[in-house]
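Me: I'm new to reading protein models, and I'd like a close look at one part of this one. Could you start from a single residue and then walk me through its surroundings?

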Amino acid sequence: MKNFFPLMVFVLSILFITSCGKTTTINSNMELTGKWQLESIVQEADTIKKPPLQKGAFEVSLNFKDKGELEGTSSTNYLTGFYETAQQNTIQLGGGGTERAETSWGNLFVNALPNVNMYDLKPNKLVLYYENNNALIFARAQ
């Protein structure tokens, strides 16, 4: 019983330390996999909500697949590439896509995407951070 108490304190300390903070470390890409639709963009503390979908435009989305493969759509283009996550919620995205002119919403997205370096995963929400506290906020697609 004497040995049990220090072990219990150690385990609870580890749980407390890992549960604090802004983000939750994701140990596997499995939680990230799936399709996500862009809902809003935060730039310089201003929140820009998704505008109504224009005729002929796509929903802005990312589809994180197994083995680090990434697919998506901007407002007018198809995207393909890769993603890689690491400890401390860091993420690296890369790839390319077709090159049709974007809507202003699509431009905000494609200009931010190469600068993404951190992420936060919450129930049915994905936040990709770029350039300080700017963020792309996604909802899980059904």
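Where is Gln88 placed?

Reply: Happy to help! Keep in mind that this is a predicted model. Gln88 sits in the loop between strand 5 and strand 6. Its phi is positive, at about 65°, even though Gln88 is not a glycine. Is Gln88 buried or exposed? Exposed means a relative accessible area over 50%, and Gln88 has 60%, so Gln88 counts as exposed.

Before we follow the chain out of that loop, here is the setting. The protein chain contains two helices and nine strands, arranged along the sequence as α-β-β-β-β-β-β-α-β-β-β. The chain has 142 residues, 35% of which count as buried. Its exposed surface is about 9,200 Å², with 55% of that coming from carbon and sulfur atoms. Among contacts with a separation of 6 or more, 52% link residues 24 or more positions apart.

Now step from the loop into strand 6, where you will find Leu93. Burial needs a relative accessible area under 20%; the value for Leu93 is 12%, which means that Leu93 is buried. Setting aside residues up to four places away in sequence, Leu93 touches Phe64, Leu70, Phe82, Tyr83, Leu113, Val116 and Leu128. Take Leu113 from that list: Leu93 and Leu113 are 20 residues apart in sequence, while their C-alpha atoms are 7.5 Å apart in space.

Leu93 also belongs to a bigger picture. In soluble globular proteins, nonpolar side chains tend to be buried together. Here, the largest nonpolar core has 24 residues, and the ones that touch the most other members are Phe64, Leu93, Phe109, Leu126, Leu128, Leu136 and Phe138. At least two residues of this core come from each of strand 1 (34–43), strand 3 (61–64), strand 5 (78–86), strand 6 (90–97), helix 2 (104–112), strand 7, strand 8 and strand 9 (134–140). There is also a second, separate core of five residues, including Val42, Val127, Tyr129 and Ile137.

Leu136 shows how parts of the chain come together around one core member. Not counting neighbours within four places in sequence, Leu136 is in contact with Leu38, Ser40, Ile41, Phe109, Ala112, Leu113, Val116, Leu126, Val127, Leu128 and Tyr130.

Strand 6 has another role to look at: the lining of a pocket. The largest pocket holds about 310 Å³ of space. Among the 19 residues that line this pocket, Leu79, Gly95, Gly96, Val110 and Leu113 are the closest to its centre. Strand 4 (69–73), strand 5, strand 6 and helix 2 each give two or more residues to the lining, and strand 6 gives the most, with five.

Let's move further along, to the strands that help build the core. Strand 7 (residues 116–122) and strand 8 (residues 125–130) run antiparallel and are joined by six bridges. One pairing to find is Leu121 with its bridge partner Leu126 in strand 8. These strands form a hairpin with two residues between them, and Asn124 in the turn has a positive phi of about 60°. Asn124 touches Trp36, Phe138, Ala139 and Arg140, leaving out residues up to four places away in sequence. The C-alpha atoms of Asn124 and Phe138 are 8.3 Å apart, although 14 residues separate them along the chain.

Another hairpin is worth a look. Strand 1 and strand 2 (residues 46–49) pair antiparallel over four bridges, with Val42 partnered by Thr47 in strand 2. Two residues lie between these strands, and Glu44 in that turn has a positive phi of about 50°.

Finally, a loop residue to set beside Gln88. Asn132 lies in the loop between strand 8 and strand 9. Asn132 is not a glycine, yet its phi is positive, near 70°. Its relative accessible area is 75%, so Asn132 counts as exposed.

How values were computed
Residues numbered from 1 in each chain as written. Predicted model: local features only at pLDDT ≥ 70, side-chain atom pairs only at ≥ 80, totals over all residues. Heavy atoms only, no water. Pairing = 2+ DSSP bridges. Core = buried A, V, L, I, M, F, W, Y, C linked by side-chain atoms within 4.5 Å. Buried < 20%, exposed > 50% of the residue type's maximum accessible area, 1.4 Å probe, protein only. Contact = heavy atoms within 4.5 Å. Areas by Shrake-Rupley, 256 points an atom, 1.4 Å probe, with all protein chains shown as cover. 1 Å grid on protein atoms, 1.4 Å probe; cavity = no way out; pocket = protein on both sides within 12 Å on 5 of 7 lines; lining within 4 Å. Points joined across faces, edges and corners; volume = space filled by probe spheres on them.
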